[in-house]
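Trainee: I would like to learn how to read the features of a protein model, step by step. Could you take me through one?

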Amino acid sequence: MISTIKRCAVIGGGIIGVAVARELTRKLPEVQVTVYEKEDRLAAHQTGHNSGVVHAGLYYEPGGLKATLCRRGVHLLQEFCADRGLPYEACGKLVIAQTPEESARLDKIFIRARANGVPGARMLTGGQIREVEPNAVGLSALHSPETAIVDYAAITAALADDVRAAGGDIRLGQEVTSLVQHAQGVVVGTRDGRDHYDLVVACAGLQSDRLAAATGEPAAPRIVPFFGQYFLLGQEARESVKGLIYPVPDPRHPFLGVHLTKRIDGEMMLGPNAFISLGRESYSWRDINPRDVMNYAAFPGFWNFVRQNIPSAVREFSTVVSRRKFVREAVRFVPALEGATVRPGTRGVRAQAMNADGTLVDDFVIARRRNMVLVRNAPSPGATSSMAIAEYIVQQALQE
């Protein structure tokens, strides 16, 4: 198959799409690679609106794609940032348990972390927590000293530089409106015309299900957008936390809850929460997309999800409408933040893939359809895993 590939297209200019394009130029240096991005810049959506965390692989099922590609992705990101002089700070992370029940769940997470080869992962008693985070409190904690922070938009730009240096073409402001499989190859349609490619890789993020459905793939899993708000701590409280502080995941809730995240520019973020968004690309309350709202409102899986998660919706909505409640969630872990000033930070929208029964798709989903590869689900740690996902996709695409 490799000998028949002369032209490749990648749809999506987020970090995964650009990483795939770069990997194609590395594996197939004689092949013409073109990236289509509908916005006027790269990393415009999920890549440019996330927390910047390089996840170490604590939570994921050992042997699954998430666990495997996350660990490989960390290694590749470290190498790439070192080579390009991009900031990479291993500030460390604490997952803190506040109750005996949470401590029991944390012990199980530690077992997974060890199975996934997370370097330096260790359990701490309540007294040992202050050795890592002097202002944090809890019953026990899992410490991941190698969890890091980066600037994913800057990494995406550097990956794009490699694509261009290898002769690749990055077309901004080019929205793909159709993908048509022919007897040989795929025709990519935009408002400016159509082009034929031997291989197409779709990394469309928030629009991934629509693009997949246009090729004849099943409509589900469906992308249901959830927004996440962040707040930034005031200067007087910023030094209260040295790294990352997370709660223990609660199986009763589909989303993690508010946590504290150091940012690569030195800011300290609180968040995110998670609540249904009024659009797939809506970054404020004023941005309402009726088509997107109708898309999930007409999806039975969404209403199944709602019925199954009413307590979670109440929890998340309370942090949406009350800044005080939002901050109080963080104060549980760092009492010194009581009374701290906060200001609005970034807001992101999560491309949450959902099954028809209302369950959330947890692992990466990468589908193959003749001359197309479709990334249908790449949630966190998608950015962390981006370069490893690219390796995996290109390897799968080039197999006979």
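Mentor: We will go through sheets, unusual backbone angles, burial, salt bridges and a surface patch in turn. First, this is a predicted model, in which local features need pLDDT of at least 70, side-chain atom pairs count only at pLDDT 80 or more, and totals for chains, interfaces and linings use all residues. Residues are numbered from 1 along each chain as its sequence is written, and side-chain values use heavy atoms, with hydrogens and water left out.

Trainee: How do I read a sheet, and which strands stand at the edges of the sheet 9-10-11?

Mentor: Helices (H or I, at least four residues) and strands (E, at least two) are DSSP runs numbered from the N terminus, and two strands pair if DSSP finds at least two bridges between them. Here 3 strands make an open sheet in the order 9-10-11, with antiparallel pairing. Strand 9 (176-181) and strand 11 (193-197) are at the edges, and each has a single partner strand, so one side of each is left without a neighbour in the sheet. Strand 10 (residues 186-190) is joined to strand 11 by 5 bridges, and Thr 190 has Gly 193 in strand 11 as its bridge partner.

Trainee: What is the strand order in the open sheet of 6 strands?

Mentor: The order is 8-2-1-12-20-19, and the pairing is mixed. Strand 8 (169-172) and strand 19 (365-369) are the edge strands, each pairing on one side only. To describe twist, axes are lines fitted to C-alpha atoms, for helices over the stretch in contact, and angles run from 0 to 180 degrees between N-to-C directions. Neighbouring strands of this sheet are turned by 15° against each other on average, direction ignored. Within the sheet, strand 2 (residues 32-37) runs parallel to strand 8 and is joined to it by 4 bridges, while Glu 37 stands opposite Leu 172 in strand 8.

Trainee: Which backbone angles should catch my eye?

Mentor: Most residues other than glycine have a negative phi, and most peptide bonds are trans. In this model, a cis peptide bond joins Ala 220 and Pro 221, with omega about 5°, and Pro 221 is placed in the loop between helix 6 (208-214) and strand 13 (222-233). Another cis peptide bond joins Ser 380 and Pro 381, with omega about 15°. As for phi, Ala 43 has a positive value near 55° and lies in the loop between strand 2 and strand 3 (53-54), whereas Arg 370, with a positive phi of about 50°, lies in the loop between strand 19 and strand 20.

Trainee: Why does Ala 43 count as buried?

Mentor: Buried means under 20% relative accessible area, exposed over 50%, and partly exposed in between (1.4 Å probe, protein chains only). Ala 43 counts as buried because its relative accessibility is 9%. Gln 352, in strand 18 (residues 342-354), is also a useful case, for it is buried with a relative accessible area of 6%. Contact means heavy atoms within 4.5 Å, and, leaving aside neighbours within four places in sequence, the contacts of Gln 352 include Arg 222, Phe 226, Phe 255 and Leu 360.

Trainee: How many salt bridges are there in the whole structure?

Mentor: A salt bridge is a side-chain nitrogen of Lys or Arg within 4 Å of a carboxyl oxygen of Asp or Glu, and the search of the whole structure finds 27 of them. One of them joins Arg 112 and Glu 61, at 2.6 Å from N to O. That pair links distant parts of the chain, with Arg 112 in helix 3 (residues 100-115) and Glu 61 in the loop between strand 3 and helix 2 (65-84), 51 residues apart. Another joins Glu 217 and Arg 369 at 3.6 Å; Glu 217 counts as buried at 17% relative accessibility, and Arg 369 as partly exposed at 30%.

Trainee: Which residues form the nonpolar patch on the surface?

Mentor: Patches are made of residues with over 30% relative accessible area and no salt bridge, where like charges are joined within 9 Å and nonpolar side chains (Val, Leu, Ile, Met, Phe, Trp, Tyr) within 5 Å. Accessible areas come from the Shrake-Rupley method with a 1.4 Å probe, and for residues only the protein chains shown count as cover. The patch consists of Trp 303, Val 306, Ile 310 and Val 314, with about 360 Å² of accessible area together. Helix 8 (300-308) and helix 9 (310-321) are the elements that give two or more residues to the patch.
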